[in-house]
Amino acid sequence: MAASIIINSVRRRAAENGEEAAKEESFRDVGLTRSDAPNKRMREGLVEKKFLSSSGLASWQQRYAILSESFLVLADPEDRETVIDMIPLIDVLRVSTRANRAETSSASLSSFTKDKDKDKGKEEEEEEETMIVRTIPGGRNCGRNYTFRMPEGDFWEWYEEVKAQVEMAKQWHEQMKLKEEIGSSWLNRSRHWVSEEEKREGRGKEEER
């Protein structure tokens, strides 16, 4: 699973360097998503991540991406157990793209494997064929935005899968939070549902006035 890769990677580095603090930090990172959260791998493969230099110049670097039910993990493409970055899906604010599915062709997505030194017009065209993952301020990724592009023909599969897993991860955590608040008994859940229904009906009547 993606979380086990994260833990094993940091454990190995900690053992090599004698850094117990690094080992402890790894468990705090993983702890941002509940330890009992589902974490089955859903999709993985090579992608490219956009980087901006201090002067504002853009470049692209390969990453081996692993999308699970709880994380988007970015690993070294040469050593896939070496985690470079990870995004807890519950920390994702929005997944977006400017690509138009009807207009996107496999030929245009082939830029993944071509020379990246394009003229400005070409760069703007390629920007429309990227997936942007925005994270929440104050989360593990400090509100950073991640821009990715995928190999030929894989763009929409990645885009739709990431969006779906983000939504399901958030729903799962909300369900667990609710379960902890009201308990697991059928009676408490029934009372909660009745209370929520009464609130909705009350809001509806106020809007009609």
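How many cavities of 30 Å³ or more does the structure hold? One. Before I get to what lines that cavity, a reminder that this is a predicted model.

I will start with the strands. Strand 1, residues 41–52, and strand 2, residues 58–68, are antiparallel and pair over eleven bridges. One position to look at is Glu 44, which stands opposite Ile 66 in strand 2. Five residues lie between these two strands in their hairpin, and there Gly 56 has a positive phi near 90 degrees.

Next along is strand 3, residues 71–75. Strand 2 and strand 3 make a hairpin with two residues between them, and their antiparallel pairing runs over four bridges. Here Leu 67 is opposite Leu 72 in strand 3.

On to strand 7, residues 145–149. Strand 7 pairs antiparallel with strand 6, residues 131–135, through four bridges, and Met 131 sits opposite Phe 148. Strand 7 is also joined to strand 1 by two bridges, again antiparallel, with Glu 48 opposite Arg 149. Is strand 7 enclosed or not? Largely enclosed by the rest of the structure, because four of its five residues are buried.

Now the interior. In soluble globular proteins, nonpolar side chains tend to be buried together. In this model the largest nonpolar core has 22 residues, and Leu 72, Met 131, Phe 148 and Trp 158 have the most contacts inside it. Strands 2, 3, 5, 6 and 7 and helix 5 each supply at least two residues of this core. Which element gives the largest share? Helix 5, with seven residues. That helix covers residues 155–182.

A second core, separate from that one, has seven residues, including Tyr 64, Ile 66, Ala 75 and Val 83.

Back to Trp 158. Setting aside neighbours within four places in sequence, Trp 158 is in contact with Arg 43, Glu 44, Gly 45 and Val 47, with Ala 65 and Leu 67, and with Leu 72, Met 131 and Met 150.

That brings us back to the cavity, which has a volume of about 30 Å³. Which residues line it? Val 47, Ala 65, Leu 72, Met 131, Phe 148, Met 150, Trp 158 and Val 162. By class, that lining has eight nonpolar residues, no polar ones and no charged ones. Leu 72, Met 131, Phe 148 and Trp 158 are in this lining, and those four have the most contacts inside the largest core.

Notes: Residues are numbered from 1 along each chain as its sequence is written. This is a predicted model: local features need pLDDT of at least 70, side-chain atom pairs count only at pLDDT 80 or more; totals for chains, interfaces and linings use all residues. Side-chain values use heavy atoms; hydrogens and water are left out. Buried means under 20% relative accessible area, exposed over 50%, partly exposed in between (1.4 Å probe, protein chains only). Two strands pair if DSSP finds at least two bridges between them. A nonpolar core is a set of buried Ala, Val, Leu, Ile, Met, Phe, Trp, Tyr and Cys residues joined through side-chain atoms within 4.5 Å. Contact means heavy atoms within 4.5 Å. On a 1 Å grid over the protein atoms alone, a cavity is a set of points where a 1.4 Å probe fits but cannot get out, and a pocket is an open set with protein on both sides within 12 Å along at least five of seven lines; lining residues have an atom within 4 Å of a point. Grid points are joined across faces, edges and corners, and a volume is the space filled by probe spheres set on the points. Ala, Val, Leu, Ile, Met, Phe, Trp, Tyr, Cys and Pro count as nonpolar, Asp, Glu, Lys and Arg as charged, and the others, Gly among them, as polar.
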